Amino acid sequence: MTALTAVQPAEAAARLHSYTVVDVRTPGEYAAGHLPGAHNVPLDRLRSALPALKSAATRGELLLVCASGSRSAAAHAELAAADIPATTLTGGTTAWTGQGHPVHRDPTAKAVWPMERQVRLAAGSLVVLGLAAGTRHPRARWLAAAIGSGLVFSAATDTCGMAALLAKLPVNRPRTDDFDATVAALSG
């Protein structure tokens, strides 16, 4: 297994033409804005794209991108386990756009909220629901406690079970045709 290699946005921008950029966010997040030339392979579909990614890596360096760097680090670990070399973008698209680098948007695609925002909405709603229901049914307060505990666990482990569940919603799933086209393009 190879060590995590990362590149800063300014260096990535200067060398963007030499990378095959793989965005591991959900299709909705990808539609909201992605690095020029990026291919969308959602993290939960990465395993099925490994042969295509291996093929792409033989032609040039892979640059893995997500919103903040967490999902691309997880993708890097999965690729490293399959002996596929890759680099991650430090700070993800948040750092990329924060430094003024351009992103491409599909004007016909419906953009959805970033996953982090979806998680905050779901977690906050469940906490409020648990507390409100707890005024009539005291045991319902355990829902708020469970969500709070899950958020602490998520922060401590840098994982997010709620994001994994939300990624399965139809709005966050790629159409089969789009994913197949991406895999074909990566295969060369």
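The following exchange covers cores, salt bridges and a pocket in a predicted model.

Trainee: What kind of model is this, and how are its residues numbered?

Mentor: This is a predicted model: local features need pLDDT of at least 70, side-chain atom pairs count only at pLDDT 80 or more, and totals for chains, interfaces and linings use all residues. Residues are numbered from 1 along each chain as its sequence is written, and side-chain values use heavy atoms, with hydrogens and water left out.

Trainee: Why is E29 called buried?

Mentor: Buried means under 20% relative accessible area, exposed means over 50%, and partly exposed lies in between (1.4 Å probe, protein chains only). E29 has a relative accessible area of 2%, so E29 is buried. H76, in helix 4, has 4% and is buried too.

Trainee: What makes R15 partly exposed?

Mentor: R15 has 31% relative accessibility, so R15 falls between the two cut-offs. E11, at 43%, also counts as partly exposed. E61 is partly exposed at 31%.

Trainee: Why is the contact of R15 with E61 called a salt bridge?

Mentor: The term needs a side-chain nitrogen of Lys or Arg within 4 Å of a carboxyl oxygen of Asp or Glu. R15 and E61 meet at 2.9 Å, N to O, so the pair qualifies. R15 lies in the loop between helix 1 (9–14) and strand 2 (19–23), and E61 lies in strand 4, so the pair ties together parts 46 residues apart in sequence. Helices (H or I, at least four residues) and strands (E, at least two) are DSSP runs, numbered from the N terminus.

Trainee: How do you know that R15 and E11 form a salt bridge?

Mentor: Their closest N and O atoms are 3.7 Å apart, which is within 4 Å, so the pair counts. E11, R15 and E61 are linked in a network of salt bridges. The whole structure has seven salt bridges.

Trainee: What makes E29 and R71 a pair?

Mentor: Their side chains meet in a salt bridge at 2.8 Å, N to O. E29 lies in helix 2 (residues 27–32) and R71 in helix 4, so the pair ties together parts 42 residues apart in sequence.

Trainee: What makes a set of residues a nonpolar core?

Mentor: Its members are buried Ala, Val, Leu, Ile, Met, Phe, Trp, Tyr and Cys residues joined through side-chain atoms within 4.5 Å. The largest one has 20 residues, and V22, V41, L53, L62 and L79 touch the most other members. Helix 3 (50–59), strand 4 (61–65), helix 4 (70–81) and helix 9 (176–187) each supply at least two of its residues. Helix 3 gives the most, with five. Another core, of 13 residues, lies apart from this one and includes A38, L63, V65 and L89.

Trainee: Why is the largest open space called a pocket?

Mentor: On a 1 Å grid over the protein atoms alone, a pocket is an open set of points with protein on both sides within 12 Å along at least five of seven lines; a cavity is a set where a 1.4 Å probe fits but cannot get out. The largest pocket holds about 930 Å³, a volume being the space filled by probe spheres set on points joined across faces, edges and corners.

Trainee: Which residues lie nearest the centre of the largest pocket?

Mentor: E29, R71, M115, E116 and A163 do, out of 35 lining residues. A lining residue has an atom within 4 Å of a point. Helix 6 (115–134) gives the largest share of the lining, five residues.
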